[in-house]
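Subject: Structure handover

Hi,

Here is the structure I said I would pass on, with my notes below it. Have a look at it in your viewer first, then read on.

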Amino acid sequence: MARRLLPLVVLTAALLAGCGSAPVAQPAPGPTSAAPGPAPSSTPTPAPSRTATTTPVDPVAQAVAGLDRRAQVAQLFVVGVPADDPDQAEALVRDTGVGGVFLRGRSSAGAAALAEATGSWAAVTSGPRPWVAADQEGGQVQTLSGPGFPALPPAAEQGRLAPAALADLADGLGSSLASAGVDLDLAPVADVVPAGTEEGNAPIGHFDRQYGSTAEQVRAAVGPVLRGLDAHGVTGTLKHFPGLGRVTANTDTTARVVDDVTTADDPQVRLFGELAGAAEQPFVMMSTAVYTRLDGSAPAAFSRAVVTGLLREQLGFDGVVISDDLATAEAVQDVSPGQRAVRFLAAGGTLVLVNRTDPAQQMIDAVLAEDAADPGFAATVDDAVRTALTAKARAGLLPG
């Protein structure tokens, strides 16, 4: 366009001169005058290129989409194998795709040997890797005690340690579990056992499993334990909501264990809510005792009033809720195995813990049948699957 305008400018100047206009004096170029630059190109400057935007991939949605319905439901089960014979877990994971393996009992195998076994379980699945869980509390409840696993004092002694010593113990606990491929500790115990009642409290105090006799004492000890686990990529589990500190019988061996004292605003209940909201994102394990002042009609693990109404809605916990054992515990034997799993999930639970392989398939089949028959229950299962896989995404257990 500039080259077309140049003759027109010259012609106009000549016409003006011919009409008697005074010529316009042009300054003489000085020694510092810049040479005229090239005429601008008539080719338009291309617009800046725009970087293509892509929608971020949701790893949880991707994982859900990669599983059929049976595989999704299987992710809601953590199934026990003998800690001293863990090799059978490989077939369990490969053939059923369960969400996790629980090492039950006791093992004196070293951390290196166990790491070899747990690594093989991850290798046989193309989907989400299984949780590897153990009861590593201390004292009489310590699944793993071979080379690489330090001896742990019972929680009652841990609670009396100086803060620095407890932090060191918790760090060693997390490090030893991680070195063996264990990424889920079914600990620490958050139950509060009132002072002077320890021996009469069959499931907790009798074995010194409590960190203290007040909510404040338990909070001060459980926090560092959770942080020590989390520092090594191990998820902790607060148990046994809403608390077993006041019962006199053990749900593992007694058909109906009752707490007539605990209320929704009890300090022990509030303690679980505070600890469950920690940055470490612990799981919460449900008790199978009956709490008459919360819901006297069913064990807490089967109660929607306790799991959803109290833990999720009132205390605001939106993470993984895992059951206590629903396979052999005497407290649940009056309910068929399949209905134990259905009732726990319907109450708002996430992961069904069964310490034997025998009932697992029966439970999965029962959940699938209820899922097909009841759209409301199917929506509840959808929520549980997403919650379970969100926790796996956080733990690095999803594909990719």
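In strand β3, W131 and A133 point one way while V132 and A134 point the other, and all of them are buried. Before going further, please keep in mind that this is a predicted model.

β3 has a partner on either hand. With β6, strand β3 (residues 131–134) pairs in the parallel sense over two bridges, and there A134 stands opposite D185. With β2 the pairing is parallel too, and four bridges join the two strands. One of the matched pairs here is F102 and its bridge partner in β3, A133.

F102 also leads on to the next strand, since it is the bridge partner of G80. That pair belongs to the contact of β1 with strand β2 (residues 100–104), which is parallel and runs over five bridges. On to β12: three bridges join it to β1, again in parallel, with V79 standing opposite V354 in β12.

Put together, this is an open sheet of five strands in the order β6-β3-β2-β1-β12, with parallel pairing. Why do β6 and β12 each have one side without a neighbour in the sheet? They stand at the edges and each has a single partner strand, so nothing in the sheet pairs with the other side.

β1 deserves a look of its own. How many of its six residues are buried? Six of them, so to speak the full set: β1 is mostly covered. F77, V79 and V81 point one way from the strand, V78, G80 and P82 point the other way, and all are buried.

Helix α13 packs on this sheet, where it touches β1 (77–82) and β12. The direction of α13 makes about 170 degrees with that of β1.

α13 meets another helix as well. The axes of α13 (residues 360–373) and α14 (residues 375–395) come within 5 Å and cross at roughly 125 degrees. That angle is why the two helices count as oblique to each other. On the α13 side the contact involves V367, E370, D371 and A373, and on the α14 side P375, F377, A378 and V381. By type, the residues of this contact are six nonpolar, no polar and two charged.

The other helix I went through is α8 (residues 215–230). With 16 residues at 1.5 Å a residue, α8 should span 22 Å, and the C-alpha atoms at its ends are 22 Å apart, which agrees. The buried residues in α8 are A215, V218, A221, V222, G223, P224, V225, L226, G228 and L229. What covers them? The cover includes the helices α6 (155–158), α7 (163–179) and α9 (267–276), along with the strands β6 (184–185) and β7 (237–241). β6 therefore turns up twice in these notes, as part of the cover over α8 and as an edge strand of the sheet.

Some overall numbers to finish. The secondary structure comes to 14 helices and twelve strands. Of the 400 residues, 48% count as buried. Among contacts with a separation of 6 or more, 72% are between residues 24 or more positions apart.

Cheers

Conventions. Residues are numbered from 1 along each chain as its sequence is written. This is a predicted model: local features need pLDDT of at least 70, side-chain atom pairs count only at pLDDT 80 or more; totals for chains, interfaces and linings use all residues. Side-chain values use heavy atoms; hydrogens and water are left out. The expected span of a helix is 1.5 Å times one less than its number of residues. Buried means under 20% relative accessible area, exposed over 50%, partly exposed in between (1.4 Å probe, protein chains only). Contact means heavy atoms within 4.5 Å. Axes are lines fitted to C-alpha atoms, for helices over the stretch in contact, and angles run from 0 to 180 degrees between N-to-C directions. Angles under 35 degrees count as roughly parallel, over 145 as roughly antiparallel, 65 to 115 as roughly perpendicular and the rest as oblique. Ala, Val, Leu, Ile, Met, Phe, Trp, Tyr, Cys and Pro count as nonpolar, Asp, Glu, Lys and Arg as charged, and the others, Gly among them, as polar. Two strands pair if DSSP finds at least two bridges between them.
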